[in-house]
Amino acid sequence: MVQQKTTKCSICKVKNAVYFQKHSGLYFCKKDFILSFERRIRRNINKYKLLKEDDIIAIGVSGGKDSLSLLYALNKIESKFTKSKLIAIMIDEGIKGYRKEGIKLAVQMTKELGVSLKVFSFKDLFGYTLDEIVEIARKKLPNGPAPCSYCGTLRRRALNYGAKSVNATKLATAHNLDDEAQTFLMNILRSDIDRIGRTGPLTQKLDDFFVPRIKPMRNIPEKEIVLYAHYNNIPFHGVECPYAPISFRSDIRDFINKMEQIRPGIKYALLNSGDKIRSFITVSRPIYTCIRCNQPSTTKICKVCSLFDKIGLTLKDF
Ligand code: SF4
Ligand code: ZN
């Protein structure tokens with residue numbers, strides 16, 4: 001019988017490799033994979049000046065692999081900085097049969113790490129669950145925006161509200177390389193170049209209302225996050241949202257994944273293209289007070305109110 005030769009880790013050269021990183025050509029053992037993962041997050045924080053030593057960091061968690069891995073890694077990294085503080089923020093959109101499991105896992109994980117968790121629901125903040133909004137929208141506007149458009153717009157406001165209410169100075173989100181590549185291509189296909197200018201590693205502070213958002217995992221592939229969660233025994237909610245398959249993002253994700261198979265490196269190329277284009281775009285937008293809900297907005301009627309207007313809903317006092 002032929003003995004199969006095991007590949008050694010390219011970093012320590014001693015332990016057996018458990019992961020081959022295609023884009024770098026490196027093999028990693030478990031320990032060096034975890035170290036490299038956390039090093040990339042630290043590098044992003046330093047390179048883009050994402051955090052200061054005394055930041056109060058709100059982390060948006062969903063109970064999925066990305067957000068729980070970010071929480072776990074940032075908790076480890078930030079434990080060296082005594083002046084900074086982490087608080088997990090969870091948004092319950094009100095999606096029947098889906099969100100409850102994520103909340104359970106986030107509660108469990110934050111308890112284990114000793115990080116406080118605050119849950120904010122669409123129902124409390126806006127007066128409706130996402131399921132209720134989708135139901136109304138399907139009747140009023142059958143060819144209107146997909147559920148993710150309502151969800152994304154409302155969640156952005158809810159996360160900002162949550163971060164403000166815990167006095168956070170930064171809002172960390174768990175966007176990964178796959179998300180960033182998809183978002184860039186979606187913006188190109190929608191011809192939304194302005195948005196490319198606004199979706200970097202750190203959003204600019206437009207005024208005191210908007211908590212600056214940071215993306216410390218923006219260049220880490222989704223599959224490496226799954227591996228990181230696995231090697232650190234992070235239990236996560238792996239079920240897909242019932243609305244996800246009908247989103248534009250889902251089509252783009254399938255396309256990019258197919259292209260990545262044929263031409264490895266395409267996700268990094270999309271991320272880098274976004275960064276290059278962004279460096280040529282100057283974002284300077286006036287801040288208005290929305291004439292409907294009185295919230296600061298970059299348009300005269302904010303995105304939340306304009307979506308609600310179209311389906312005949314009125315926003316609950318925010
Ligand atoms: Fe919301 Fe769409 Fe994500 Fe579901 S898939 S949680 S509807 S953004
Ligand atoms: Zn408004």
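In this predicted model, the buried residues of helix α7 make up a nearly unbroken run: Leu177, Asp178, Asp179, Glu180, Ala181, Gln182, Thr183, Phe184, Leu185, Met186 and Asn187. That amounts to 11 of the 13 residues of α7, so the helix is mostly covered, given that a residue counts as buried when its relative accessible area is under 20%. Hydrophobic side chains such as Leu177 and Phe184 are on the list, and Asp178, Glu180 and Asn187 are there too.

As for the helix itself, α7 takes in residues 177-189. From its first C-alpha to its last, α7 reaches 18 Å, close to the 18 Å expected at 1.5 Å a residue. What sits over its buried residues? The cover includes four other helices: α8 (193-198), α9 (222-231), α10 (248-262) and α11 (266-278).

The two ends of α7 each have a detail worth a look. At the start, asparagine 176 brings a side-chain oxygen to within 2.9 Å of the backbone nitrogen of aspartate 178. Just after the helix, serine 191 takes a positive phi of about 60°.

Of the helices that cover α7, α10 can be described further. The axes of α7 and α10 come within 9 Å and cross at roughly 110°. Angles from 65 to 115 degrees count as roughly perpendicular, and the two helices are therefore roughly perpendicular to each other. Their crossing is right-handed. On the α7 side, the contact is made by Asp178, Asp179, Ala181, Gln182, Thr183, Leu185, Met186 and Leu189. On the α10 side, Phe248, Arg249, Ile252, Arg253, Phe255, Ile256 and Asn257 take part. Aspartate 178 thus turns up twice: its backbone nitrogen is the one approached by asparagine 176, and the residue also belongs to the contact with α10.

Back to the backbone angles. Most residues other than glycine have a negative phi. Serine 191, just after α7, goes the other way with its positive value, and two asparagines elsewhere in the chain do so as well. Asparagine 167 has a phi near 60° and is found in the loop between α6 (147-165) and β6 (170-172). Asparagine 233 has a phi near 55° and lies in the loop between α9 and α10.

Are these two loop asparagines buried or exposed? Asparagine 167 counts as exposed because its relative accessibility is 57%, and the cut-off is over 50%. Asparagine 233 is exposed too, with a relative accessible area of 68%.

Definitions and conventions:
Residues are numbered from 1 along each chain as its sequence is written. Chains are lettered from A and ligands numbered from 1 in the order in which they are written. This is a predicted model: local features need pLDDT of at least 70, side-chain atom pairs count only at pLDDT 80 or more; totals for chains, interfaces and linings use all residues. Side-chain values use heavy atoms; hydrogens and water are left out. The expected span of a helix is 1.5 Å times one less than its number of residues. Buried means under 20% relative accessible area, exposed over 50%, partly exposed in between (1.4 Å probe, protein chains only). Contact means heavy atoms within 4.5 Å. A polar contact is a pair of N or O atoms within 3.5 Å; within protein, one must be able to donate a hydrogen and the other to accept it, and residues adjacent in sequence count only if both atoms are side-chain atoms. Axes are lines fitted to C-alpha atoms, for helices over the stretch in contact, and angles run from 0 to 180 degrees between N-to-C directions. Angles under 35 degrees count as roughly parallel, over 145 as roughly antiparallel, 65 to 115 as roughly perpendicular and the rest as oblique. A crossing is left-handed if the near helix is turned anticlockwise from the far one by less than a right angle, and right-handed if clockwise.
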